[in-house]
Every structure is written in structure tokens, then in C-alpha cells.
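Have a look at this one and find the spot where the ligands gather. We'll walk through it together, one site at a time.

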Amino acid sequence: MEIQITKGDILESKAELLVIGSYQGESMDNNFLTRLDDLLNGKLHKYAKTQEFEGKAGQTLLFPAADAMKAEYALVVGLGELGDLSEENIEGVREAAGAVLQIAKKLGLSTISMELFGEDDEKFDAFLHGQALGEALLLADYEFTTYKKTKSKVKINNIEIVAENGQDARKAQRGVEKAIKVVKGVILARDLVNTPAQDMCPEKLSSVAREIAKESKGKVKVRILDKEQCLKKTMGAFLAVAQGSDSQPQFIHLSYKPVKAKKSIALVGKGITFDSGGLSLKPARSMETMKCDMAGAASVLGVFSILTSLEPNIEVHGIIAATENLLSSKAMKPGDIVEASNKKTIEILNTDAEGRLALADSLVYASKLKPDAIIDLATLTGACVVALGEEISAIMSNNAELANKLIRYSSESGEKMWEMPLEKKYRKLIESDVADLRNISTTNYGGTLTATLFLQEFVPKEIPWAHLDIAGPAFAERPMASYIQKGGTGFGVRTLIRFIEGK
Ligand code: BES
Ligand code: MG
Ligand code: ZN
């Protein structure tokens with residue numbers, strides 16, 4: 001799929017599908033909509049009424065084009081409300097772009113020409129809009145077909161985005177170019193999550209890491225520790241999880257170090273390639289989607305796969321403790337006590353709270369690199385899905401500046417995050433009678449917070465750290481947006497890249 005930006009008049013377009021945007025609450029009398037209405041002999045306004053078209057983000061009105069037009073169809077797409085901040089209406093642009101692509105696919109069209117939405121708005125930012133359009137169009141086109149024998153044949157070949165103003169066109173072009181690079185990382189993350197656990201074992205994750213390093217021509221380095229090397233590093237918590245599986249655990253450390261970098265960050269991803277719950281076995285229904293328990297790791301790999309093309313001037317580390325959480329006669333048992341690599345002892349009371357065990361050693365390892373910040377992404381708690389639903393990630397941090405920065409970039413990317421507290425009062429809930437910590441709370445409530453307090457035990461106070469519990473948005477059990485279909489979403493990649501590239 002090619003995306004081109006041109007300067008010109010959208011109504012003159014020769015593409016099969018011609019697209020014009022309309023904001024919610026707008027009277028639909030702007031230049032393009034009025035001219036389109038004239039060409040359609042007033043049908044646009046009439047149909048807007050009968051079809052109750054209000055311009056809600058992603059809402060559409062489709063017409064056969066008028067004889068005087070070169071296109072075959074004319075489509076008006078809702079952009080949502082024109083917000084106060086440029087970020088707020090940018091999600092409307094993404095929703096609209098995704099909807100356009102879905103319609104073109106349904107009609108079997110291969111060329112689209114669309115307006116650079118919002119160009120006449122005074123807060124318009126052509127780069128951000130170009131990036132948003134590019135991201136949504138390319139992501140909406142994503143399908144996971146690896147295991148399908150019958151693949152859909154509809155291919156959209158060419159999308160032209162038409163700007164009125166030459167300068168806008170050039171800026172939007174750069175936005176689209178950025179989107180093309182970023183989307184590659186999101187798609188890798190989606191593919192890794194969607195691949196069933198039988199084919200996405202810990203060693204597969206490390207081979208993906210190796211492949212990224214190889215393709216980077218030396219810019220990304222990778223180090224992989226096997227079970228014995230993890231033992232040497234006394235990663236007792238991570239290895240306890242790995243104990244029940246016949247697959248080799250793999251501790252992956254990717255690094256990207258530009259010579260002039262002034263800052264460094266470590267990205268830690270939960271990499272449980274399948275979570276059965278272990279001896280504290282999950283019910284069948286809860287296990288159905290547990291191939292997604294490496295989504296944090298997938299997003300870290302997604303980010304690393306695009307660092308070389310974006311060349312940000314910041315040192316980035318990627319850390320993944322990859323294993324399966326299975327059950328066997330060797331599996332960890334409730335009541336077992338293990339020692340993590342920072343010497344803290346943990347009483348394992350529920351083997352299904354395995355993510356925090358693997359992350360404990362990952363965070364200790366990350367801390368030893370002394371980065372300026374650590375960000376971890378983990379499908380950590382079902383409690384988080386109960387609290388924030390399926391589309392919002394929780395963010396908790398020991399540093400307000402770091403949390404606020406991430407939240408700001410997330411409002412630009414549309415990957416929603418909501419802050420929850422690191423509540424000292426709840427620390428007592430993870431104290432054990434026989435060890436330093438217990439791996440589950442003594443109560444049934446606030447499970448996301450107690451899990452985060454557990455993780456905090458493995459990060460020194462002086463390192464700014466943020467934990468993203470992505471249990472909800474990492475895997476979509478129903479479509480999450482016009483450009484986020486069912487399955488792995490690649491959640492986190494678009495926000496982290498903005499964070500890495502930001503000031
Ligand atoms: N991987 C799960 C969390 C999860 C749940 C991710 C739903 C995605 C969707 C995690 O390892 C887990 O099992 N957590 C337990 C913790 C509990 C035993 C304290 C949970 O949430 O039930
Ligand atoms: Mg679990
Ligand atoms: Zn898990």
C-alpha cells in the first residue's frame with residue numbers, strides 16, 4: 001500500500017473513492033462539503049439528515065459519485081468533535097482514516113483519495129495529522145493471515161492524501177514517513193502476540209531479538225542468557241517460573257547505544273509466552289487468550305525493530321525474561337520460597353502471579369544498568385481489566401515527571417493510560433510470615449496496586465520507574481478502534497517511540 005501526499009483539489013481526484021471529512025456539530029457548509037453537495041444536487045445534506053449523520057468519529061455517508069466527478073464514490077467521514085487541544089481531535093482523525101480503509105476494502109476498491117482533514121482549523125498541525133492518518137491507514141490494513149489457507153484478495157494499492165497548501169503537504173509528508181516507520185514496529189508486536197504459543201516459545205522470542213540485532217548492522221546488540229547463566233546471576237524468581245516448562249528460559253538484553261547519547265532508558269517487557277497459571281491453574285476460559293502474556297515483550301521488540309530506522313539520540317535497553325508458565329512435577333508450588341537476584345526472598349502463594357516473579361529479576365537487571373528511567377510493560381493483572389476495562393492501561397510510577405510525560409505522549413498516540421497510586425499503606429498486604437515478600441496480596445482487592453508495590457521492591461528509589469499494566473489493551477477480544485482489530489494490538493509501541501524521540 002502506497003501513501004502519497006499531493007497538493008491540489010480533492011474534488012478533482014481520479015481515485016475510485018474520494019473522501020471528505022466533517023467535524024461533529026459542524027453545519028457541513030465548509031468549502032468542500034458545499035461543493036460536494038452541489039455536485040450531488042443537494043443529496044449530501046438530505047442524506048445527512050435521513051441517515052442521522054452527525055460527524056461522529058468514524059461515522060460515514062457513502063454516495064455514488066456525480067457524473068461530473070472522476071471518482072466512482074464519494075464518502076463523507078466524521079472526524080468527531082473539534083477539540084481544544086490538537087491531540088484530542090487527532091484520535092478522531094485516526095478513527096476516520098481507519099473507517100475509510102475498511103469501507104474501501106469492503107467495496108473492493110484499490111485507490112483512495114482523501115482530504116488532509118482539518119487543514120482549515122487554526123490549531124492544525126500538518127505533521128501530527130499526517131502521522132495520524134498514516135498510522136491509522138496502515139494499521140487498519142493489518143491482518144494476521146499466517147495460519148489462514150483462504151486469504152482475502154482485496155488489496156488497496158494507492159492512497160493519495162490531498163492538501164490545499166503546499167507547506168502543509170510537505171509537513172504531512174514527513175508525518176506519513178514517520179508513521180510508515182513506526183507502524184512496522186507495531187505490526188511486529190501484533191504478529192508476535194497473535195502467533196500461537198506453540199510457535200512463540202521463549203527461544204523464538206530470542207531468535208526475533210537476534211534477528212533485530214542482525215538487521216541493525218551493529219547498531220543494536222543482543223545478549224541472551226540461558227538457564228545456567230541466569231542461575232549464575234541468581235535469578236531465583238524468574239527461574240522458579242521457568243521450572244515447570246521443558247522449554248529453555250531465555251533472558252534477553254537488547255541495547256542501542258548511539259555515541260553521543262546523553263540519556264538512557266531501559267524498557268522491560270513481560271515475556272511469558274503462555275500463562276496456564278501453573279499449579280494454581282487458570283480456568284479454561286481465562287486461558288484462551290494467554291498466548292498474549294508476552295505482549296509487553298512484543299512491544300519492546302517492536303520498538304527495537306524500528307530504532308535503527310528512526311535513529312533517536314538516546315541509549316535504549318530492552319530486557320525480557322522469557323519463559324512459559326506451565327505445570328509439571330518440577331513446577332513451582334504454592335508455599336515455595338525463592339530468592340530473587342537482589343537477595344529478597346519471596347513466598348510463592350499463587351503460581352499464577354508469575355509475571356511479577358519474572359519481572360522482579362528483569363527489574364534488578366535493568367537497575368544495574370543505571371538508566372535514567374525504567375519503563376516496564378506487562379499484562380500483569382486481571383484486576384486491572386476489572387478496574388479500567390479492556391482499552392485502558394494503568395500507569396504507576398515513583399516519579400511524577402516520568403508518569404506525566406508518558407501520559408502526554410499517550411494522549412497523542414491514542415493509547416490510553418490512567419494513573420493509579422503506588423499506595424504505601426498497601427505495602428503490608430504483600431508481607432510474608434516466612435519470607436521478605438509474598439507474591440499475592442492477603443486481600444482480594446486492589447490487585448493491580450499490590451502487584452505494582454511488589455515490583456517496586458526490585459527498583460532502587462533513585463531510578464525513575466513507570467509500570468504499565470497492559471492486561472486490558474494488549475489483546476483485543478473485540479475490535480478496539482477502526483484501526484485496531486481483534487487480537488494483538490501492539491499497545492505501547494506508538495507511545496514509547498514518541499517518548500524516546502521526544503524532548
Ligand atoms: N497474565 C495474567 C494477567 C492477565 C489477565 C493478563 C487477563 C491478561 C488478561 C497474570 O499472570 C495473572 O494470572 N494474574 C493473576 C494474579 C493473581 C493470582 C494475584 C490474576 O490477575 O488473576
Ligand atoms: Mg498468571
Ligand atoms: Zn501472566
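Asp 275 forms a bridge between the zinc ion (ligand 3) and the magnesium ion (ligand 2), with the two metals 3.2 Å apart. Keep in mind that this is a predicted model, so treat every distance below as computed from it.

Take the zinc ion (ligand 3) to begin with. Its coordinating atoms come from Lys 270 (NZ), Asp 275 (OD), Asp 293 (OD) and Glu 354 (OE), at 2.0 to 2.4 Å. Along the chain, those donor residues follow the spacing K-x4-D-x17-D-x60-E. The zinc ion (ligand 3) has six donor atoms, the angles among them run from 78 to 175 degrees, and the site is octahedral. For reference, ideal angles for six octahedral donors are 90 or 180 degrees.

Now slide over to the magnesium ion (ligand 2). Here the coordination comes from Asp 275 (OD), Asp 352 (O), Asp 352 (OD) and Glu 354 (OE), at 2.0 to 2.2 Å. Note that Asp 352 appears with both an O and an OD atom. In sequence, the donors of the magnesium ion (ligand 2) are spaced D-x76-D-x1-E. The magnesium ion (ligand 2) has six donor atoms too, but with angles of 71 to 168 degrees among them its site comes out as irregular. Glu 354 turns up in the magnesium list and in the zinc list, through OE in each.

What about ligand 1? Ligand 1 sits in the largest pocket. There are 15 residues around ligand 1, and the ones that come nearest are Asp 275, Lys 282, Asp 352, Glu 354 and Gly 382. Some of those names should ring a bell: Asp 275, Asp 352 and Glu 354 also coordinate the magnesium ion (ligand 2). Sorted by class, the shell around ligand 1 holds seven charged residues, four polar and four nonpolar.

Zoom in on individual atoms and a few polar contacts stand out. The side chain of Lys 282 places an N or O atom 2.7 Å from an oxygen atom of ligand 1. For Asp 275, the bridging residue, a side-chain N or O atom is 2.9 Å from an oxygen atom of ligand 1. Thr 379 takes part through its backbone, with an N or O atom 3.3 Å from a nitrogen atom of ligand 1. As for cover, ligand 1 on its own has 520 Å² of accessible area, and the protein covers 76% of that.

Notes: Residues are numbered from 1 along each chain as its sequence is written. Chains are lettered from A and ligands numbered from 1 in the order in which they are written. This is a predicted model: local features need pLDDT of at least 70, side-chain atom pairs count only at pLDDT 80 or more; totals for chains, interfaces and linings use all residues. Side-chain values use heavy atoms; hydrogens and water are left out. A residue is near a molecule or strand if one of its heavy atoms lies within 4 Å of it. A polar contact is a pair of N or O atoms within 3.5 Å; within protein, one must be able to donate a hydrogen and the other to accept it, and residues adjacent in sequence count only if both atoms are side-chain atoms. Accessible areas come from the Shrake-Rupley method with a 1.4 Å probe; for residues, only the protein chains shown count as cover. On a 1 Å grid over the protein atoms alone, a cavity is a set of points where a 1.4 Å probe fits but cannot get out, and a pocket is an open set with protein on both sides within 12 Å along at least five of seven lines; lining residues have an atom within 4 Å of a point. A molecule sits in a cavity or pocket if more than half of its atoms lie within 2 Å of its grid points. Ala, Val, Leu, Ile, Met, Phe, Trp, Tyr, Cys and Pro count as nonpolar, Asp, Glu, Lys and Arg as charged, and the others, Gly among them, as polar. Donors are N, O and S atoms within 2.8 Å of the metal (3.2 Å for Na, K and Ca); water is not among the atoms, so sites may look incomplete. Four donors count as tetrahedral if all angles lie between 85 and 135 degrees; four count as square planar and six as octahedral if opposite donors are over 155 degrees apart and all others between 65 and 115; anything else is irregular.
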